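Please open the model in your viewer and keep the sequence panel beside it, since this tour moves from one selection to the next.

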Amino acid sequence: MPEGSALERKLKREVSARKAAEALLEQKSLELFTANQQLEVALKQVEERSQDSFKRLELQERVEKILIHFGRTFLRTNPDDVLVLDLVRQLNAISDQLECEITLPNDLLASLTFGHYGNSQSITDGEGELNQIAIAIEVEQLAIGTLEVTVCDNSYDSEFVTSQMSLVCELISSALSRQMMNKRLIASKERAEASERSTREFLAMINHELRTPLNGLLGSVELLADTDLSEPQKDLHHNLSQSGQLLRAIINDLLDYSKINAGMLELIKSEFAWSTLEKTLRSIFEYKADEKQIGFNINASCLEGMVIHADLERLTQVFVNLIGNAIKFTHHGQVDVNIQLEQQQFVFEVKDTGIGISEQAQERLFQPFIQVDRSSSRNYEGTGLGLAICKKLIEVMGGEIQLSSELGVGTRFEVRLPLPVKKIQQSVQHATQHDEESTDYSMLDVLVVDDIKLNQVIITKMLHKLGITADLAVNGLEAVQHASAKQYDIIFMDCRMPVMDGFEATKQLRDANYSQPIVALTAGTTLEERQTCFDVGMDDILSKPYTANDLKQTLSKWGLR
């Protein structure tokens, strides 16, 4: 019995152990099955994530290619309907699960007229709900349009699609902003050009309107000097002559200041003897200095028999302004003009013993419209432009001006200009003078074309002094008729006239093979106006106001060829 009980107990233990092993095996099998299930789920998730990553990467690469292509295109070409439609087409070609449409205002740019760009076709492939994404297209921080994207919810992450399509919107915004900026720049340039044209036209008109009557005034004064005048009349004539010359200087200042601001100031260089300029300065200022009982001296012995290559009118203007100021502010003593030649430089000083200029006033003396009031009651009148114009003219001529002054002692201006100066051979000079004195102009046939009666009187009387009786025409049409019927030795042609101006008349004559000299009578002083004269076929220019000597030199040059 005891042995049988032991066997039974052993048997029970073995059965119990087998059952425990089977339970453990079943548990482990269940755990393994569960683990396999989890692994399959994980693998499926990894596979899905890999597919999503691949699709994201593919979308990103295609968007980048589109951005590069259209980025280069928009740098070369402005956005238009065709380009925007092509952009939408390429965006839609990225995937069947994605569709794009662009909306832009059709009045934003002239090249964009459609307003809506896209096929509006629904997505047919794929499963899942459709997600609508709208991204604003901004120009200068204002939303002016939208990029609408329709995407299957299970195909792409909406946040990722939004980030990629935002780059496309930025590209469109940059292209539109650049084109709108260019459009504004073009409009601004056109306005500036229109303003410049208006300024040039106004200056040309006002230049003509001021210089034309000035020509009549100064011409009449010059002709009056050849008449029999009493002593009181001679005084009045001198006053008139002096006032006319000063008026000419003021008009030059006003017009030149406007030209400087308009960028139209140009130098018209020629060769002239110093004696010509000195004669002008003495005629203007000697009488004024005598009136004030002060000395006026011009010391230029180094320029005897010399010619200067410069713009005579501009150089005269500088001298007139500096000397005029010196005499105006000098009540005792004298005004000296000293000229020297130093190493290819034309150096002159204007020194006075006047009331002087304070250091504070010197700092702003060359500013426009500054009239330093050097008296308590403002006894000195003026435009305040003279010194400003002087400085500008000197700078245009490549020179410099310096000032030194002391109150109650006087003022000294020194000007240095790089002007070519050369000596005239005495034999040539004497021959020229002899030729001018012995020349007979009376055999010349001259036609004067001018619509203003006063100008006709001035030039015909100047010509009459040379023994010439000129024919007259009042417009370009009459000039063409006269020149077609008679061959003149020289034609003096006014430029601005009714019916037909001098430019058109000259062009018609040259087209008809008229070969005789035609000289422009013009108040225009800009290089552009002068070039127009030569472009239509004129041979030379006689600028208003002109003198009898200017007329004589022109006749010698062209009428006696």
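The stops below begin with the whole chain and then turn to helices and loops.

This is a predicted model, in which local features need pLDDT of at least 70 and side-chain atom pairs count only at pLDDT 80 or more, while totals for chains, interfaces and linings use all residues. Residues are numbered from 1 along each chain as its sequence is written, and side-chain values use heavy atoms, with hydrogens and water left out.

Show the whole protein chain as a cartoon: its secondary structure comes to 14 helices and 17 strands, where helices (H or I, at least four residues) and strands (E, at least two) are DSSP runs numbered from the N terminus. Of the 561 residues in the chain, 40% are buried; buried means under 20% relative accessible area, exposed over 50%, and partly exposed in between, with a 1.4 Å probe and protein chains only.

Next, select residues 81-92, which form helix 2. Its 12 residues should span 16 Å at 1.5 Å a residue, and the end C-alpha atoms are 17 Å apart, which agrees; the expected span is 1.5 Å times one less than the number of residues. The buried residues of this helix are D81, L83, V84, L87, V88, L91 and N92. Add D80, which caps the N-terminal end of helix 2 with a side-chain oxygen 3.3 Å from the backbone nitrogen of V82.

Now select helix 11 (residues 476-485) together with helix 12 (residues 502-511), whose axes come within 8 Å and cross at roughly 25°. Axes are lines fitted to C-alpha atoms, for helices over the stretch in contact, and angles run from 0 to 180 degrees between N-to-C directions. The crossing angle makes helix 11 roughly parallel to helix 12, a label for angles under 35 degrees, with over 145 counted as roughly antiparallel, 65 to 115 as roughly perpendicular and the rest as oblique. G476, V480 and A483 of helix 11 make the contact with A505, Q508 and L509 of helix 12, contact meaning heavy atoms within 4.5 Å.

Finally, visit three loops. Q141 lies between strand 3 (130-139) and strand 4 (142-152), has a positive phi of about 65° although it is not a glycine, and is exposed, with a relative accessible area of 76%. V499, in the loop between strand 15 (490-494) and helix 12, also has a positive phi, near 70°. In the loop between strand 17 (540-543) and helix 14 (548-559) select P545, which a cis peptide bond joins to K544, with omega about -5°.

Note on methods
Polar contact = N/O pair within 3.5 Å; in protein donor to acceptor, adjacent residues only side chain to side chain.
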